[in-house]
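Biologist: Show me the model, please. I want the reasoning behind the labels.

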Amino acid sequence: MHHSKKPIDFLNFTNLEEIVMPYSKRFVNLFNHPKLKTIMLENFNQLNFIFTENNVLETLSIEKSKACDWSSLTNFNNLKSLYLTGISTLNDISWMPQLSNLIDIELSNCKKIEKRYCILKIVVI
């Protein structure tokens with residue numbers, strides 16, 4: 001079986017509204033697709049990735065990721081649901097209130113956030 005190393009350009013899928021799959025570095029135009037409303041990825045391995053402006057995306061789920069500029073998620077102006085799971089590099093969520101359309105947030109197994117939250121809770125009590 002031949003495995004192609006060609007880029008997978010999501011703009012070629014003109015009516016695509018949802019994607020659920022493991023991430024590949026071969027993906028092109030995934031986060032700036034004009035109709036894609038839901039992106040659910042596993043193993044997002046783009047180190048220091050910066051998310052660019054997107055007014056269409058409503059749901060983003062990332063399970064396991066390398067270090068990214070997480071605060072650049074605020075460029076997703078229409079984001080309503082954000083699910084981040086198993087992301088050890090996520091250590092600050094102070095940017096989240098800027099996501100004014102967010103109605104559903106789940107952060108699970110993000111150890112640095114959980115530790116910070118526990119420390120804040122202890123200080124407050």
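Modeller: What follows takes some labels in turn and the reasons for them. This is a predicted model.

Biologist: Start with Thr-38. Why is Thr-38 called buried?

Modeller: Thr-38 has a relative accessibility of 14%. Buried means under 20%. Therefore Thr-38, at 14%, counts as buried.

Biologist: Where does Thr-38 lie, and which residues is it in contact with, sequence neighbours within four places aside?

Modeller: Thr-38 lies in strand 4. Leaving aside neighbours within four places in sequence, Thr-38 is in contact with Glu-17, Glu-18, Ile-19, Leu-57 and Thr-59.

Biologist: Now Gln-46. What makes Gln-46 partly exposed?

Modeller: The relative accessible area of Gln-46 is 23%. Buried is under 20% and exposed is over 50%. The value of 23% falls in between, so Gln-46 is partly exposed.

Biologist: Where is Gln-46 found?

Modeller: Gln-46 is in the loop between strand 4 (38–44) and strand 5 (49–50). Beyond its neighbours within four places in sequence, Gln-46 is in contact with Tyr-23, Lys-25, Ala-67 and Cys-68. Take Lys-25: Gln-46 and Lys-25 are 21 residues apart in sequence, and their C-alpha atoms are 7.1 Å apart in space.

Biologist: What is notable about the phi of Asn-29?

Modeller: Asn-29 is not a glycine, yet its phi is positive, about 60°. Most residues other than glycine have a negative phi. Asn-29 is in the loop between strand 3 (27–28) and strand 4.

Biologist: Why is Asn-29 called partly exposed?

Modeller: Asn-29 has 21% relative accessibility. Buried needs a value under 20% and exposed a value over 50%. So Asn-29, at 21%, counts as partly exposed.

Biologist: And Lys-64: which sign does its phi have, and where is its place?

Modeller: Phi of Lys-64 is positive, near 65°, and this residue is not a glycine. Lys-64 has its place in strand 6.

Biologist: How do you know that Lys-64 is partly exposed?

Modeller: Its relative accessible area is 45%. Exposed means over 50%, buried under 20%. Lys-64 lies in between, so it is partly exposed.

Biologist: Last, the core. How many residues has the largest nonpolar core?

Modeller: This core has 29 residues. Leu-30, Leu-60, Trp-70 and Leu-82 have the most contacts inside it. Strand 4, strand 6 (59–65) and strand 8 (81–85) each supply at least two of its residues. The largest share, 3 residues, comes from strand 4.

Biologist: Which residues is Trp-70 in contact with, sequence neighbours within four places aside?

Modeller: Among them are Phe-51, Ile-62, Leu-84, Ile-87 and Trp-95.

Terms used:
Residues are numbered from 1 along each chain as its sequence is written. This is a predicted model: local features need pLDDT of at least 70, side-chain atom pairs count only at pLDDT 80 or more; totals for chains, interfaces and linings use all residues. Side-chain values use heavy atoms; hydrogens and water are left out. Buried means under 20% relative accessible area, exposed over 50%, partly exposed in between (1.4 Å probe, protein chains only). Contact means heavy atoms within 4.5 Å. A nonpolar core is a set of buried Ala, Val, Leu, Ile, Met, Phe, Trp, Tyr and Cys residues joined through side-chain atoms within 4.5 Å.
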